[in-house]
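Colleague: Could you show me how to read a structure such as this one, beginning with the terms?

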Amino acid sequence: MKISVIGCGYLGVVHAACMTELGHEVIGIDVDSDRIALLAAGTPPFFEPGLAELLSRSMQTGRLRFSTDISEVSGSEVHFVAVGTPQLAGSDAADLRFVRAAVDSLLPQLAAGDLVVGKSTVPVGTARGLADVITAHGSGATLAWNPEFLREGFAVKDTLAPDRLVYGLDPGDGRGEGTLDAVYARALAGGTPKVVTDFATAELVKVAANAFLATKISFINAMAEVAEATGADVTQLADAIGYDARIGRRFLNAGLGFGGGCLPKDIRGFMARAKELGVDQALTFLGEVDQINNRRRERMVDLAKEVVGGSLAGKRIAVLGLAFKPDSDDVRDSPALDVTLRLIESGATVRATDPQAVETARRRFPDVDYVASAADAAEGADAVLLLTEWREYRDLDPAAFGEVVGTTAILDGRNCLDPVAWRSAGWSYRALGRP
Ligand code: UGA
């Protein structure tokens with residue numbers, strides 16, 4: 001099929017490359033000419049495992065192109081809208097400017113039978129309005145809402161073999177369903193479940209899923225707060241409740257909490273939309289979820305203070321990890337970067353490192369002292385803070401690592417190290433939610 005993807009951010013680039021991998025002919029469009037130049041040269045504009053290889057393979061087929069010229073989408077029968085919906089400055093609501101602009105720019109290019117497919121995360125009710133705009137334009141094109149559930153770090157796999165496909169369609173739009181089935185033929189043949197529903201449900205599935213995941217993380221972090229007050233161990237608690245299949249162990253890792261470009265802004269946008277709809281009470285708990293999450297960052301800084309003797313002023317702190325999660329260079333709303341900045345504000349001398357996210361962090365906060373490796377960060381440090389659980393940090397040898405630091409004190413912000421191994425190598429080990 002001939003497919004266009006509007007918006008070459010995280011979602012759009014991965015989607016475009018994966019659609020090519022599935023055999024389609026794809027044009028990716030973005031207004032950012034630097035980004036398009038990189039992509040046209042086969043270079044991913046961000047770090048995502050497997051993407052560089054996939055992109056170069058896709059470009060070699062000759063079926064994947066990138067352009068800033070929207071008129072190049074004409075002739076495509078499916079147009080994915082994959083632009084960002086960031087949090088509006090000064091408000092909790094989502095900024096829909098880019099989605100509206102993408103649809104407006106598509107209108108003159110659309111032909112009868114074309115399907116515009118929304119992938120961006122939007123407040124419930126948005127798709128209905130966009131469908132009306134497309135209908136009123138009179139091209140004969142229609143809209144489907146097909147939310148995306150990919151996780152950074154697993155984006156390629158999640159796109160090629162998703163857990164489920166959700167199609168939000170106008171009632172009786174069998175043609176739209178048929179088109180999406182053709183796009184996703186391989187995943188469907190492989191047994192991926194499909195939910196065909198209305199626009200509002202499809203939009204809600206996306207934010208409800210992210211709200212649930214955020215709630216699960218904040219639940220276990222709330223238990224960590226209680227564990228800290230009682231001497232209990234939140235990681236054992238998570239293991240024990242996780243054995244109950246109704247609860248499940250995944251997404252019960254207590255620590256610094258959630259960040260990134262999705263969970264934090266999505267729960268806030270969801271609350272803002274519920275307020276507009278007059279059902280804000282239904283989601284007030286998400287405000288607590290957000291607050292629990294932010295309290296973990298404060299707690300980490302307090303713990304660092306405690307470990308270095310009460311004040312961070314003049315203390316040398318090594319920070320391992322800046323990305324919001326491992327296998328990503330994304331620092332949007334990153335708990336690790338936030339803690340780093342708070343440490344600096346408290347007077348600490350921080351040396352920070354990350355296997356992939358130093359450059360993305362530097363672009364936002366150029367004044368932080370970034371270094372290339374864990375050993376560089378730790379040299380002479382009064383304490384080491386592990387803030388993103390990259391494999392290379394989880395695999396650190398406590399004995400060898402202990403030789404470079406000033407004081408063998410480690411704070412495990414992600415509960416990812418073995419306290420016994422670190423303590424027996426002479427370290428003082430502290431973690432969130434553990435004695
Ligand atoms: C999230 C969802 O998991 C995806 O399904 C969704 O498609 C995506 O948002 C989106 O809306 O685009 P992502 O932001 O890549 O994906 O990251 P997650 O794997 O969900 O992790 C989010 C944050 O939660 C990270 O900061 C991570 O460190 C933290 N986390 C995760 C925990 O603190 N504890 C856990 O047990 C799991």
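Modeller: Helices (H or I, at least four residues) and strands (E, at least two) are DSSP runs, numbered from the N terminus. This is a predicted model, in which local features need pLDDT of at least 70 and side-chain atom pairs count only at pLDDT 80 or more, while totals for chains, interfaces and linings use all residues. Residues are numbered from 1 along each chain as its sequence is written, and side-chain values use heavy atoms, with hydrogens and water left out.

Colleague: Which phi does Gly42 take just after H2?

Modeller: Gly42, which comes just after H2, takes a positive phi of about 85°. At the N-terminal end of helix H2 (residues 33-40), Asp32 acts as the cap, with a side-chain oxygen 3.0 Å from the backbone nitrogen of Asp34.

Colleague: Which residues are closest to the ligand?

Modeller: A residue is near a molecule if one of its heavy atoms lies within 4 Å of it. Here 21 residues surround the ligand, and Phe149, Leu150, Glu152, Lys206 and Asn210 are the closest. The largest share of this shell, 4 residues, comes from H9.

Colleague: Where does the ligand lie with respect to domain 1 and domain 2?

Modeller: Domain bounds come from an automatic or database domain assignment. The ligand lies between domain 1 (2-197) and domain 2 (216-431), because both give residues to the shell around it.

Colleague: What lies 2.7 Å from an oxygen atom of the ligand?

Modeller: A polar side-chain atom of Lys206 lies at that distance, 2.7 Å, from a ligand oxygen atom, and a polar backbone atom of Leu150 is also 2.7 Å from an oxygen atom of the ligand.

Terms used: Polar contact = N/O pair within 3.5 Å; in protein donor to acceptor, adjacent residues only side chain to side chain.
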